[in-house]
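Hi,

Here is the structure I promised to pass on. Have a look at the sequence and the model first, then read my notes underneath.

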Amino acid sequence: MTDTFSDYVDCTPLLDDREALDRFYDEHGYLYLRGALDRELVRTAAEQMLEGLIALGHAAPGTTLDTLTIESFEAVDEVAMHDYVKYDDLWNHPSTHKVWEKVFGGPVFVFKSTTIRYYPSAAGRPEPSFLTPLHQDGFYIGPNKDFRTAWVPLLPTSRGIGGVALADGSHKKGPREHVVTENFRRFGHPVRGIPAEEFGADEQLLFSPMEPGDVILFHAFMCHKSIPNVSVDPAGMRMSMDTRVQPASSHRGFNALTPWPESAKDPSKGIMSKITGTPTTTE
Ligand SMILES: O=C(O)CCC(=O)C(=O)O
């Protein structure tokens, strides 16, 4: 696998062309929409994340989004942070639903589970283990696979700040084998990813800088991974959030219905059962 990236293609001009939008999604497995979300709503979520980091003692009072940096992602109480970031106000705002409905061609349900990310620069240090290895969300989330992951930056991202890289068209091969990768851990457990040798040399990774208001949606079988924050001069924060969206009429599984702070506590259900290797009682 190579770590040179091509850009995501901007699909915003296709938003009002149902056929072209679906054709692009079927072929590439993603839709990158620039400036599609209300920037004020995204800014509010960023401010709330900042407020949480200050309230929990990881940034000094008076810190702004321009000056924010924290020592470590892992030192922050992730469950407590969820009380500050009112992401459902963004995900379920009428203006956001209008975008989802154009993407899906009908009414949608937004998952109650959202992951919030506030990653300081790790320049010059080993790659942080809380990042994600190459994987498919459909390996971890189900039982239905008709959801799409929605990933939004709360602050501008760049090659240095990092974000998420997608393997163009990789969804077309369907579900892939995931094996334990010791380098990537969550809640102290090694996380499963797609082995490098299973990933074709011809599978092109995409990554582009993103701005608040942009959103990238991708297929449950899209192979994707974290790009670390290695920013220097200036070293900036990576702040982003991701959730999953599915047709309103589809079955609602465990991760669809369970807020992140609750699901993070239960090693026998949803994503956690896949991470801990606990036999699944509910997916
Ligand atoms: O934001 C990231 O670093 C990775 C995102 C990811 O893996 C996901 O949304 O499933």
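Below is what I found, part by part.

One thing to keep in mind throughout: this is a predicted model.

**The strand in the middle of things: β9**

I'd begin with β9 (215–219), since several other parts lead back to that strand. β9 is mostly covered, with five of its five residues buried. It pairs with β1 (30–33) in the antiparallel sense, over four bridges, and on that side Y32 stands opposite I216. β9 also runs antiparallel to β4 (148–153), again joined by four bridges; there, R148 has H219 as its bridge partner.

**Helix α5 and what covers it**

Next, look at α5, residues 94–104. Which of its residues are buried? T96, V99, W100 and V103 are. These four cover an arc of only 95° around the axis, so they sit on the same side of α5. As a reminder, an α-helix has 3.6 residues a turn, so residues three or four places apart point the same way. On the other side of the helix, P94, S95 and K98 are exposed.

The cover over the buried residues of α5 includes β9 once more, along with β1, α4 (87–91), β2 (108–110) and β11. Just after the helix comes G105, with a positive phi near 75°.

**The nonpolar core**

The largest nonpolar core has 63 residues, and the members that touch the most others are Y30, A45, M49 and L154. Helix α2 (residues 39–55) gives this core its largest share, six residues. If you want one residue to click on, try A45: leaving aside neighbours within four places in sequence, A45 is in contact with V85, Y87, L90, L154 and M241.

**Around the ligand**

Which residues surround the ligand? They are R117, L131, T132, D137, T149, W151, V164, H224, S226, S240 and D242. Sorted by class, this shell has three nonpolar, five polar and three charged residues. Three strands, β4, β10 and β11 (238–247), each supply at least two residues of the shell.

**A three-stranded sheet and a hairpin**

β10 turns up again in an open sheet of three strands, ordered β8-β5-β10 and paired antiparallel. Why do β8 (205–206) and β10 (224–227) each have one side without a neighbour in the sheet? Both stand at the edges with a single partner strand each, so one side of each is left without a neighbour there. Strand β5 (residues 163–167) pairs with β8 over two bridges, in the antiparallel sense, and L166 has L206 as its bridge partner in β8.

Elsewhere, strands β6 (residues 179–186) and β7 (residues 189–193) run antiparallel and are joined by five bridges. T181 stands opposite V191 in β7. The two strands form a hairpin with two residues between them, and F187 takes a positive phi near 50° in that hairpin.

**Backbone oddities worth a look**

Most residues other than glycine have a negative phi, and most peptide bonds are trans. A few spots here go the other way.

- F187, the hairpin residue, is not a glycine, yet has a positive phi of about 50°. With 13 C-beta neighbours inside 10 Å, F187 counts as partly exposed.
- D233 is not a glycine either, and its phi is positive at about 40°. You'll find D233 in the loop between β10 and β11. Is D233 buried or exposed? With 6 C-beta neighbours inside 10 Å, D233 counts as exposed.
- The peptide bond from D233 to P234 is cis, with omega near 5°, and P234 lies in the loop between β10 and β11.
- A cis peptide bond also joins G142 and P143, with omega at about 5°. P143 lies in the loop between α6 (137–140) and β4.

**One last loop**

Finally, D266 lies in the loop between α8 (260–263) and α9 (270–276). D266 has 17 other C-beta atoms within 10 Å, so it is partly exposed. D266 and T278 are 12 residues apart along the chain, and their C-alpha atoms are separated by 10.0 Å.

Over to you!

How values were computed:
Residues numbered from 1 in each chain as written. Predicted model: local features only at pLDDT ≥ 70, side-chain atom pairs only at ≥ 80, totals over all residues. Pairing = 2+ DSSP bridges. Near = placed C-beta within 6 Å. Nonpolar A, V, L, I, M, F, W, Y, C, P; charged D, E, K, R; others polar. Buried ≥ 20, exposed ≤ 12 C-beta atoms within 10 Å, placed from the backbone. Core = buried A, V, L, I, M, F, W, Y, C linked by C-beta atoms within 7 Å. Contact = placed C-beta atoms within 7 Å. Arc of directions from axis to C-beta.
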